[in-house]
Structures are given as C-alpha cells and as structure tokens.
Amino acid sequence: MKKLTTRSFKTIAAILALVLFVQIPAASAASLSELKKERSQLEAEKKSINKSLEQKTNEIQTNQNRQQKIISQLEQLGAKINETNHSIAVVELDIKIANEEISILEDEIAELKEKIEQRNELLRERARAIQSSGTVSYLDVLLGANSFVDFIDRFSAVSTLMDADRQIMREQKEDQEKLEVQKLELVKTKEELEANKAKLKSLMASLNQQKKEKKQLVAELEKEEAKLRSEKTELKAEYDDKVELSKELEEKFLKEQRRLAEVARQKALEAAAAKKKQQNSSSSNSTVSSGNLPVVSSGHWTRPAAGRFTSGFGGRDIGPIGSKNHLGIDIANSIGTPVVAAADGVVSYVGSMNGYGNVVMVTHSIEGQLFTTTYAHLSGFNTSVGASVSKGQQIARLGNSGNSTGPHVHFEIHVGEWNGSRSNAVNPLNYISL
C-alpha cells in the first residue's frame, strides 16, 4: 500500500510538472503582452503630459507677451502723464502770470481812478470859480476886452482853457474804455486758462485711472503666470515619474522577453529535431500553400504574405508608420489576405499598438540567435499570445489599420528583443525572398 501510494504520488507530480511546463511559457507570453500594453499606455500618458507641458509653456509665453504689451502701454501712459503734468505746469504758470497782470492792471486802474478823480476835482474847482464870479461865461470874457489886442489875448486864453477841458474829457473817456477792454481781456484769458487747466486735470485723472487699471492687470497676469508655472512644475514632476516608471517597465519587459526567448529557443530545438526526422530530399525545395497563402521557402525564413512589394527598408518621406526612416518592408494585397509567420517561433504580442494598428509579434530563436518579427496594419488575428507557430502558418489577416494609406502588411525583423525605439531593426530582404 505504501509502495502504491509513492508510485501514485510520483505519477501526479510528473503530470503537474508537465502541466506547469506547458503553462509557464503561455503565462510568460501573456505577461509580456500585458507589459507591452502597459508600456504603450504609459507612452501615451507621457505623450499627453508632454503635450500639456507644451501647452503650459505656450500659455506662459502668451501671458508674458501680454504683460510686455501692457508694460509698454504703461510706459506710454507714463510719458503722457509726464507730458500732461508739464502742460498743467505751463498752464498754471500762465494763470500765475495772468493773475500778476490782473494785479498790475488793478493797480493801474486804481491809479487811473485817482487821476480821473483828480481831473474831476479840477473841473469842479473850475466850475466853483465860475460860480463864485457870477454868471461870467467865456463869451463875457471875450466881450469885456478893452482893445483888440486884449480881445486876442482873451480869446487865446479862452481857447486854451476850452482845449484843456476837452482834452481832460477825452483822456478820461479813453482811459475808461482802455480800462474796460483790458479788464475784459484779462478776465477772458484767465477763464480760458482755468478751463484748459480743468481739461488737463480731467485728462490727468483719466491717465492715472488707466495706469492703475494696467498695473492691476499686470499684477493679475503675474499671478496667473505663477499659477501656470506651478502647474507646469507639477506636470514636469508627473512626467519624470512616468519616465522612471517607464524605465521599470522596460526592465520588466526585457526580462520577460528574455524568458520568452528561452522558450522560443527550446521550441526551435524541438522543431529542428522533429524536422530532421521528417526531412527527405523530395521536399527540400519549396512548398506552395493553397489559396492566397504565400509560397513557403526552404530554409529558416519565408515571406509573410502574398502580394505586391510596394516599399522597402530605409530612409524615405513620411509614410504610413509615421517615420522618416522606414524600418521594414510593405507588401500590398486585398484586405483579408493571409499573413503567415516568417519563421518558427512563439507569439509574443497580439493587439493594437499606436500607428501600427493591429499587430502580431513573434519571437524566434534561430541557430542560437534571437529575432523578433512584427506584422502591422492587420485586419484580424488567427493566433494568440503564447502560441507556438511554424514557418508559413497563418497568424493574421492583411488590413489597413493604424497609420496606413492602403491595404498592406508592414513587416519588420529585429535582431534580438523588440524595443520601442526599434533601434535593432534590419532589412527583411536580407533574410526573406520575394
């Protein structure tokens, strides 16, 4: 009974080991696929954050341009304020001069009034003298002459007195008119100066208000700029965190890919041993598959799809994959045309990937060298992550997904592990024949 139990335990252990041996590669492949998806998502997040950083930088630049424009306006306002202050000072000086002239005129008016009063007094004295002498008039004086000579003397004296009276009256009238004219002119000038001063004061108040508003706007813009810079700093910190996380994911990704490469190597060894047993001279050339499947070449590699070769490897104008450097070849055909594995290997990725659209990746171990093939712009899949595939076995269907300008399959070969920069891509035509 004990012996039977031990044998049963060994049998169960062997079965479990076999199950684990089968499941571990699939689990590893699934893990690698998840890491690729996570890395792709992380790159998208980094791109989004970087776009936000650029937007914040543009907003800060726009803010600074607005500040500079307002500061320039403030400088112009300052110049206008200085000019207005100067004009006000000139007007105030003119008002001061006008007031001084008015004061001088008032003194002259006082003197003129005194002269007028003196002339009035002279006339009054003359009138009193005439009254005290009776009703003697200039005519009586003339008629009382004793001789002709006396008459001439009296006439000359009377004429002199009459001319003097007329001159006094004329001067008094002219002085009064002059006084009125000067007074009116000075009052008018002063009123104009006061009105001009009031306008300048109003302009000054308006300029000061504008200056106050501009300064307030600059303060608000400076506050907004500080906020934008703070947000940009936070975005930069978030981006740096994503970069660090991206490095960690890259390490995990490479570790999983190496693990999967070992699985592919083991599969390749098993496949090579199996083919060696089945190998015969009649089938050593090439095999033609049915339908739209491509001709399967002898050797390790075969073309991935039947169709027309449309684009080669190397530098070219921006193409469907969005790069100036075309890192693969394109084979065009109708949508749904079978796409096959270019060599024996293990499927390491099935899904969507940015501009590639729908993608399948296969990891190969050929004569000890690790390769990764990429099949992009697919319309559908015929495999899953972790599946072992043989050269010429259908894995997908040709399509037009992602950044594609027409139905075709974009095919890449990478020496070693696939990386996001695709720095290890080589010309597929060095490995396959068309």
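Rings of Phe, Tyr and Trp, the last taken by its six-membered ring, pair if their centres lie within 6.5 Å. The close-ups below come from a predicted model.

**View 1. Aromatic pair W301 and F371, one of 4 in the whole structure.** The ring centres of W301 and F371 lie 5.4 Å apart. Their planes meet at 85 degrees, so the pair is edge-to-face; the cut-off for that class is over 60 degrees. W301 sits in the loop between β2 (295-296) and β3 (308-311). F371 belongs to strand β10, residues 369-381. The pair links distant parts of the chain, 70 residues apart. Both W301 and F371 are buried.

**View 2. Aromatic pair Y375 and F411, joining two strands.** Here the ring centres of Y375 and F411 are 5.3 Å apart. The planes stand at 45 degrees, so this pair is tilted. Y375 lies in strand β10. F411 lies in strand β13, residues 408-415. The two residues are 36 apart along the chain, and their pair links distant parts of it. Y375 has 0% relative accessibility and therefore counts as buried. F411 is buried too, with a relative accessible area of 0%.

**View 3. The ring cluster of W301, F371 and Y431.** Ring pairs link these three residues into a cluster. Two of its members, W301 and F371, are the buried residues of View 1.

**View 4. E367, a non-glycine residue with positive phi.** Phi of E367 is near 55 degrees. E367 is placed in the loop between β9 (358-366) and β10. Is E367 buried or exposed? At 72% relative accessibility, E367 counts as exposed.

**View 5. H377, with positive phi inside a strand.** Phi of H377 is about 65 degrees, although H377 is not a glycine. H377 is located in strand β10. That strand also holds F371 and Y375. H377 is buried, with a relative accessible area of 0%.

**View 6. A98 and its contacts with L186 and L193.** A98 is part of helix α1, which spans residues 2-132. Its relative accessibility is 3%, so A98 counts as buried. Which residues does A98 touch, leaving out those up to four places away in sequence? They are L186 and L193. A98 and L186 are 88 residues apart in sequence. In space, their C-alpha atoms are 6.9 Å apart.

Terms used
Residues are numbered from 1 along each chain as its sequence is written. This is a predicted model: local features need pLDDT of at least 70, side-chain atom pairs count only at pLDDT 80 or more; totals for chains, interfaces and linings use all residues. Side-chain values use heavy atoms; hydrogens and water are left out. Rings of Phe, Tyr and Trp (its six-membered ring) pair if their centres lie within 6.5 Å; planes under 30 degrees apart count as stacked, over 60 as edge-to-face and the rest as tilted. Helices (H or I, at least four residues) and strands (E, at least two) are DSSP runs, numbered from the N terminus. Buried means under 20% relative accessible area, exposed over 50%, partly exposed in between (1.4 Å probe, protein chains only). Contact means heavy atoms within 4.5 Å.
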